[in-house]
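Work through the exercises below. Each task is followed by its solution.

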Amino acid sequence: MKKKYLTAIAAALTVTLLTGCQETPKDSIVKQKGVDNMQGYESASGTLREMINAPERYKNQATYENGALVIDTDAEVILPDAESINTYKVTAEEVTQEMIDKVTNAFFDGAKFYHAFTYGQRTKEQYQAEITRLKQYKAEGNLDPYEHGKDENGELYFDIDEVIARDEQELADAPDEIIKEEVKPSFGLEYMDGKGEEAEKMVNEHEFYGVAETAQGVYGYTINGPEISADVKFTIEKRRDDVPDPMEFQTWQEGRYLIDGKWDGYSGVPEEKIKSYMGISYEDAKKAAEEIIDKLGYGWEIQDWDYAVFRHGEGNVTEENILDGGYLFYFTRVLDGVPVTFTDSYGGALEDMDSTLIPWSYERCEIIIGDDGLQRAEIYNPYQVEGMQAEQVKLMDFDSIIKIYEQMMEVSNADIAEFEAQRIFHVKKIKLGYSRIYDPNVDNHTGILVPVWDFFGGFDSEMDGQKSENTGEHSKQSFLTINAIDGTVIDRELGY
């Protein structure tokens, strides 16, 4: 179920992503991309700042398309604390039981694990509680308590009478209490699909769905392993019992959208108010997160952070539907003092729906810590660093990178007026760090960590009479990624 309060932003972002996939123009100062460019990087001497001659801040404002497109850049220029930058070959780490055990032990010391299919079975008490709650909604005249809306014929998607009838039928055969099946987190676990004589034994060959009981609480634990691609994802989330109605939509929401954004009359939530939900200090939360992630041994370090709030119910996030808060930390790999730059992009997208390529998404690690410990964590696609590909590579000077940035921001948004009355970009941060690139036509398990420039910010837009604003002050969205060695433009969504 999509978050309604992000609809305007998502629609605007779609325009940016679609326009950003254009071929590099023939008369552009940007070089064409190709697999050959990934191999022949030159070495250089001197300090990093001497090589690129970068200022501490860069400011410029440019207007295009008769005022429909404005690029307002007032950005801090952030360099890694390093004398030089190398490139590294990386591969997708093989997903083995050893990897699963490593992640499991890092997060769940001393826990007991149970099969989610048996643990999630509903009891008579739970069915009865839901029936009572739905009948109460109906008595109050609330026939759409979860705001699912209506179809094209004006009929409610959520049929409250049908759900009550189904629950009453299920109630008769529901157990008084669940029978928990203890398991070891691994692939290949069996489960029964269906009921009675129609039940069929199935096997999760590439997935694990479990529940972990710990001294700190109960957690859902899911592993989505590689089947065709190299991608693997570990998801850990603490189960909560403080949501008024467990059928309500509920999720952790990044604070930056609420602080920086306004849309359709919604003015977000002030930072000071969000801080009031943090029942733990930043320092204590950071220490707790690092203690967990250090156990993995990947050399990941915190590169960025955000507030996170736990909300329930549909619609925009308000002070009334926030139940809890925590700190969200973004970890990335660091090599020789140079971090992989964290962005909102997951990589691994396809150029079009007809593509037959098998993509490979980025390595990522995100973790939320609240006043009662770990709340949520996601780990994607750990890399295996195979070795240095080129030492002390020569980087393009900052002025040359900026020329590419300003040209490509104009080119990639040249048709913005077809979709929006106006788009004003606010670029607030320019950062040099690593990104992984690869060529899915050649090998979708192998890539190179190369230095890139990312341009972060937000934007104001007006579309179909609706306005949205985002200052970009806390943004993790990179509008443009430029290879710092050869000036090629990298599509963050594709990963090359």
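Contact means heavy atoms within 4.5 Å. The model is predicted: local features need pLDDT of at least 70, side-chain atom pairs count only at pLDDT 80 or more, and totals for chains, interfaces and linings use all residues. Numbering runs from 1 along each chain as its sequence is written, and side-chain values use heavy atoms, without hydrogens and water.

**Exercise 1.** Find the contacts of Leu-432, leaving aside neighbours within four places in sequence.

Solution. Start with the lower numbers: Leu-432 touches Leu-48, Ile-52, Ile-78, Leu-79, Pro-80 and Ile-85. Then go up the chain: Thr-341, Leu-395, Pro-451, Val-452, Trp-453 and Ala-484 complete the set.

**Exercise 2.** Place Leu-432 in the largest nonpolar core.

Solution. A nonpolar core is a set of buried Ala, Val, Leu, Ile, Met, Phe, Trp, Tyr and Cys residues joined through side-chain atoms within 4.5 Å. Buried means under 20% relative accessible area (1.4 Å probe, protein chains only). The largest core has 59 residues. Leu-432 is among those that touch the most other members, with Leu-395, Tyr-405, Ile-430, Trp-453 and Phe-455. Another core lies apart from it, with 48 residues, including Ile-100, Val-269, Phe-329 and Cys-365.

**Exercise 3.** What share of the 496 residues is buried?

Solution. The buried share is 50%.

**Exercise 4.** Which share of contacts between residues at least 6 apart in sequence joins residues at least 24 apart?

Solution. Apply the sequence filter to the contacts; the share is 72%.

**Exercise 5.** Give the spans of the C-alpha trace.

Solution. Along the principal axes, the trace spans about 75 × 55 × 50 Å.
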